[in-house]
Amino acid sequence: MTIKSLFSATFFLFIFSLHGQNMDEGFTYLETGKYSQAEVFFKEILADYPENKTARICYGRAIGLNNNAEKANEVFAELLAEHPDDLEVQLNYGESLLWNNSFSKAKSYYTDLVEDNPSSFPALLGYANTLSNLKEFENALVYVNKALEVLPGNPNALTSKKYIYLGYAYQNQQQQNYEEAEALLLENLELFEMDTETMLNLGNLYIIADQLDKAKSTYSKIAEMPESQLKGLNGLALVAHLDGKDKEALVISEQAIEALNTTQEETITNQTQERYIQSLIWNNKYKEADAQIQQLVEIKPDENWVLALRATLNIYKSDFKKSVKDYEQILDNEKKSFDGNLGNANALKALGYYNDAYRYADSTLVYYENQKDATAFIQDLNTRFTTFLESKASYTFDNGDNIAYALQNTVEVPLSTKLSLMSNFGYRNTSNEITVNEATSSNVSLGFSYQLANNLTFKGSSGVSSANAKTQNYAQLLTDVSFHIIPYKLQILDVGYKREIQSFNAELLDREIVMNNFYANYNMSTNFKLGWYSQYYYTLQNDDNTRNLFFTSLYYNLLKKPSLKAGLNYQYITFSKQLPTIYFSPKKFNAVEIFMNIISDEVVVKPKEWFYEFTAATGYQFIEESDQQWTYRLQGKLGYKVNKRFLVNLYGTHSNIASATAAGFTFTELGLRLKWYLFETPFFRK
């Protein structure tokens with residue numbers, strides 16, 4: 001509802017009642033919205049009667065309502081100079097200020113006008129709408145109510161009141177005062193029962209506030225009204241998606257598409273098509289979504305909502321470079337586009353262009369102050385680059401009577417989106433009551449990581465391991481250097497070298513076995529839920545032994561939320577020398593297992609929520625030429641995110657894999673982990 005249309009009817013009646021005798025045709029033009037004809041009509045009148053006040057007022061209104069607000073203001077300013085005490089002229093001048101969006105000036109003007117004319121309905125209503133445009137909604141409600149006291153039930157004042165409530169609720173929504181916003185919208189519904197705009201605002205509020213049950217109930221009511229059925233169904237589909245019910249979202253969207261007909265206005269038709277294609281994307285039906293998008297592109301190649309759909313599809317397919325092109329086109333069309341700015345931020349983040357991602361997210365907040373999604377995006381990005389301390393304490397034991405206590409502390413300090421400093425301190429005490437052997441080791445290292453390119457990061461650390469064992473004390477150099485590479489979309493490759501000390505038990509620590517590991521990890525995802533992970537280690541030891549280790553896993557993603565996958569693992573190990581009395585070193589070892597993993601990611605969960613991970617696996621292992629042995633592996637994690645900066649979790653592992661004898665071997669580890677982000681934001685962000 002525009003300011004012009006809001007006031008026009010009131011002022012037409014005011015003018016018509018005073019001056020209707022000879023200008024009926026012109027008044028009719030104004031009253032029916034034919035402003036061009038009205039402008040021509042009153043211009044002709046003024047050619048013959050240039051001083052006629054009524055004709056000048058009507059001419060000013062005609063040109064103002066015909067999108068020439070600046071000239072209209074000049075007309076009324078001249079009239080006001082000639083008739084400073086004429087209320088009719090005063091009211092029209094005030095309205096012309098609103099047409100020109102001169103709201104601060106209008107506020108000062110209406111303050112005096114209302115003080116001098118406290119019972120003037122147009123003055124009170126004009127002041128209310130001025131305050132509304134200045135987002136001073138509380139005072140706006142006061143004055144619109146005063147206007148309704150003068151003319152109870154006036155439709156223009158009621159419409160004004162409705163939009164003041166909507167604006168006031170939206171203001172509270174932006175400030176995340178969700179209860180206050182809800183109360184205002186519910187109060188609006190008491191005045192305007194089942195008003196579609198208010199209901200849609202309420203449904204959107206519930207979505208933003210993550211009150212999905214209330215959102216579902218609200219959109220269901222909207223969908224029951226024939227004139228707003230499609231809007232309700234589109235809302236219900238979105239709620240189902242946000243609730244993790246993507247199949248249900250697609251069913252609802254298909255119902256909406258079937259309800260479409262040629263009489264529907266273009267806006268709701270576009271919205272319904274958009275939600276249907278989004279539902280296809282959510283359900284990984286990329287071919288069907290692409291076909292629908294291509295049809296739209298042929299008809300509407302430059303429409304932002306069509307470009308945004310194609311960009312979203314490519315985001316889901318990990319074709320981020322294509323998404324960036326579409327988002328850039330959207331921003332060329334409209335630099336304030338929400339989809340263009342925040343969508344580009346998401347795509348650039350995925351590509352590793354973090355500074356650009358920050359830039360577009362910040363731009364989103366310039367145009368959409370306190371917008372929840374943009375704020376959350378920046379908070380997530382900030383978390384990635386905020387200094388943190390992570391501490392782990394663990395207790396391990398096995399059926400070989402080895403026990404160990406360990407403590408690990410890691411600090412990471414990002415200095416920019418490219419450079420981070422790292423430090424690590426570890427302590428381990430291991431003993432065996434049967435052999436009466438005990439040893440301790442302490443590790444200290446410093447390092448850094450640096451993003452060389454958007455898809456290439458170097459990480460390196462160096463330090464010292466000090467051991468205090470049964471027969472000797474010693475110190476050894478520790479090193480870990482690696483490259484993290486994203487060669488193609490949906491693929492990750494890590495290659496590196498790691499020098500470490502064999503510290504599983506006291507006997508091994510006493511032997512001072514140094515392991516030089518050359519390794520590569522490769523992970524490939526797909527758009528059809530299948531994934532493949534492989535790992536290879538080649539190890540040179542200072543006892544002249546060498547090891548080859550190969551692990552591969554083929555898995556299938558069953559669910560997205562929570563993440564649930566199942567698959568098949570295979571492992572192969574071989575040592576050049578067999579030293580079974582010292583450590584597990586078979587000439588040939590094979591293991592095959594099936595597994596299932598479910599995870600609620602700690603990164604995704606919100607503060608004051610639980611997160612978890614559980615893995616169960618079983619299979620067989622083959623050592624040398626011995627008979628197959630049944631194996632099992634159980635791993636679990638349960639944690640709680642206290643707030644956005646602190647989380648804690650327990651974790652545990654129990655397994656009998658890689659047994660060295662036919663009698664079997666079991667290993668158990670229990671631990672506690674704390675992670676604390678030391679600051680609110682990164683050092684390089686204000």
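**Strand hairpins and helix pairs in the predicted model**

A hairpin of three residues connects strand 10 with strand 11. The structure described here is a predicted model. Strand 10 covers residues 546–559 and strand 11 covers residues 563–575. The two strands pair in the antiparallel sense, and the pairing of strand 10 with strand 11 extends over twelve bridges. Within this pairing, L554 is placed opposite L568 of strand 11. The loop between strand 10 and strand 11 contains P562. The peptide bond leading from K561 into P562 is cis, and its omega is near -5°.

On its other side in sequence, strand 10 is preceded by strand 9, residues 530–541, with a loop between them. Strand 9 and strand 10 are likewise antiparallel, and eleven bridges are found between them. Y536 faces F550 of strand 10 across this pairing. Strand 9 and strand 10 also form a hairpin, here with four residues between the strands. One residue of the turn, D544, has a positive phi of about 70°. D544 is a residue other than glycine. The relative accessibility of D544 is 58%, and D544 therefore counts as exposed, the cut-off being over 50%.

A further set of pairings involves strand 16, residues 667–677, which runs antiparallel to strand 1, residues 388–398. Strand 1 and strand 16 are joined by eleven bridges. In this pairing S394 stands opposite G671 of strand 16. Strand 16 also pairs with strand 15, residues 646–655, again in the antiparallel sense and over ten bridges. T653 has E669 of strand 16 as its bridge partner. Strand 16 thus has pairings with strand 1 and with strand 15. In a regular strand, side chains point alternately to one face of the sheet and to the other.

The helical part of the model includes helix 4, residues 53–65, and helix 5, residues 69–82. These helices pack at an angle of about 155°, and their axes are 7 Å apart. Helix 4 is therefore roughly antiparallel to helix 5, since the angle is over 145 degrees. The crossing of helix 4 and helix 5 is left-handed. On the helix 4 side, the contact is made by K53, R56, I57, Y59, G60, R61, I63 and G64. The residues of helix 5 that they meet are A69, K71, A72, V75, F76, E78, L79 and E82. By class, this contact comprises eight nonpolar, six charged and two polar residues.

Helix 14, residues 229–242, packs against helix 15, residues 246–259, at an angle of about 165°. The axes of helix 14 and helix 15 are 7 Å apart. That angle makes helix 14 roughly antiparallel to helix 15. The crossing of helix 14 and helix 15 is left-handed. Helix 14 contributes Q229, L230, L233, N234, L236, A237, A240 and H241 to the contact. Helix 15 contributes D246, E248, A249, I252, S253, Q255, A256 and A259. The residues of this contact divide into nine nonpolar, five polar and two charged. The corresponding division for helix 4 and helix 5 is eight nonpolar, two polar and six charged.

Helix 6, residues 87–99, and helix 7, residues 103–116, are separated by a loop that holds N101. N101, a residue other than glycine, has a positive phi, near 60°. With a relative accessibility of 53%, N101 counts as exposed. Positive phi values in exposed positions thus occur at N101 and at D544.

Y110 is situated in helix 7. Y110 has a relative accessible area of 1% and is therefore buried, a class that takes values under 20%. With residues up to four places away in sequence left out, Y110 touches L91, G94, E95, L98, A123, G126, Y127 and T130. Of these contacts, L91 lies 19 residues from Y110 in sequence, and the C-alpha atoms of Y110 and L91 are 8.9 Å apart in space.

Technical notes: Residues numbered from 1 in each chain as written. Predicted model: local features only at pLDDT ≥ 70, side-chain atom pairs only at ≥ 80, totals over all residues. Heavy atoms only, no water. Axes fitted to C-alpha atoms, helices over the stretch in contact; angles between N-to-C directions. Parallel < 35°, antiparallel > 145°, perpendicular 65-115°, else oblique. Left-handed = near helix turned anticlockwise from the far one by under 90°. Contact = heavy atoms within 4.5 Å. Nonpolar A, V, L, I, M, F, W, Y, C, P; charged D, E, K, R; others polar. Buried < 20%, exposed > 50% of the residue type's maximum accessible area, 1.4 Å probe, protein only. Pairing = 2+ DSSP bridges.
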